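Here are a few worked exercises on a sheet and what sits on it. Grab your viewer and follow along.

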Amino acid sequence: MDALSITVERADTPAVAALLTRHHALMRAGSPEESCHVMDVSELVAADVTLLAARQGDQVLGVGALKVIGADHGELKSMHTAQEARGKGVARAILNALQDKAQKQGLSRLSLETGTADMFAPARALYHAEGFQVCPAFGGYVADPLSVIMTRTF
């Protein structure tokens with residue numbers, strides 16, 4: 001079995017785009033439009049983001065993106081692990097790599113928006129374990145009973 005590698009990727013790379021499309025469909029199916037802040041492949045390509053993919057051989061097992069939203073502030077976007085790879089440390093590996101990238105870019109704060117539904121509980125637990133705390137809305141987000149806003153500083 002090949003080791004897990006984390007690499008910078010373009011969102012429109014076929015295998016990455018396929019996983020992002022699955023992520024987009026899952027998020028859209030699980031949240032009403034006004035509470036769903038997922039970016040599709042074209043938005044991720046157009047945005048100023050650093051997208052990472054976790055690969056095992058040629059298979060993309062997870063993705064995550066870092067979007068700079070201020071001089072020292074970044075936002076995590078499109079964190080997703082393929083269903084078949086969940087519980088194997090893929091999300092933590094991507095999150096740690098994104099946090100390293102943020103620090104190397106001089107960011108001192110990372111924030112994110114995730115859902116309140118049970119399907120988001122593992123993500124919330126991971127973020128909490130990595131030092132993220134619930135906080136007020138930032139950027140263009142507003143208070144929403146279907147959203148959890150979290151942040152951490154370095």
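**Exercise 1: lay out the sheet**

Work out the strand order and find the edges.

Solution. Seven strands line up as β1-β2-β3-β4-β5-β7-β6 in an open sheet with mixed pairing. Strands here are DSSP runs of E, at least two residues, while helices are runs of H or I, at least four residues, all numbered from the N terminus; two strands pair if DSSP finds at least two bridges between them. The edges are β1 (4–9) and β6 (133–134), each pairing on one side only. Next, β1 and β2 (residues 49–56) run antiparallel and are joined by six bridges. In that pair, T7 faces A53 of β2.

A note on the input: this is a predicted model, where local features need pLDDT of at least 70 and side-chain atom pairs pLDDT 80 or more, though totals for chains, interfaces and linings use all residues. Residues count from 1 along each chain as its sequence is written, and side-chain values use heavy atoms, leaving out hydrogens and water.

**Exercise 2: place a helix**

Find which strands helix α4 lies across.

Solution. Helix α4 (residues 121–129) lies across β4, β5, β6 and β7. Its direction is at about 160° to β5, with axes fitted to C-alpha atoms (for helices, over the stretch in contact) and angles from 0 to 180 degrees between N-to-C directions.

**Exercise 3: check V134**

Is V134 buried or exposed?

Solution. Start with its place: V134 is in strand β6. V134 counts as exposed because its relative accessibility is 63% (buried is under 20%, exposed over 50%, partly exposed in between; 1.4 Å probe, protein chains only). Leaving aside residues up to four places away in sequence, V134 touches V148, I149 and M150 (contact: heavy atoms within 4.5 Å).
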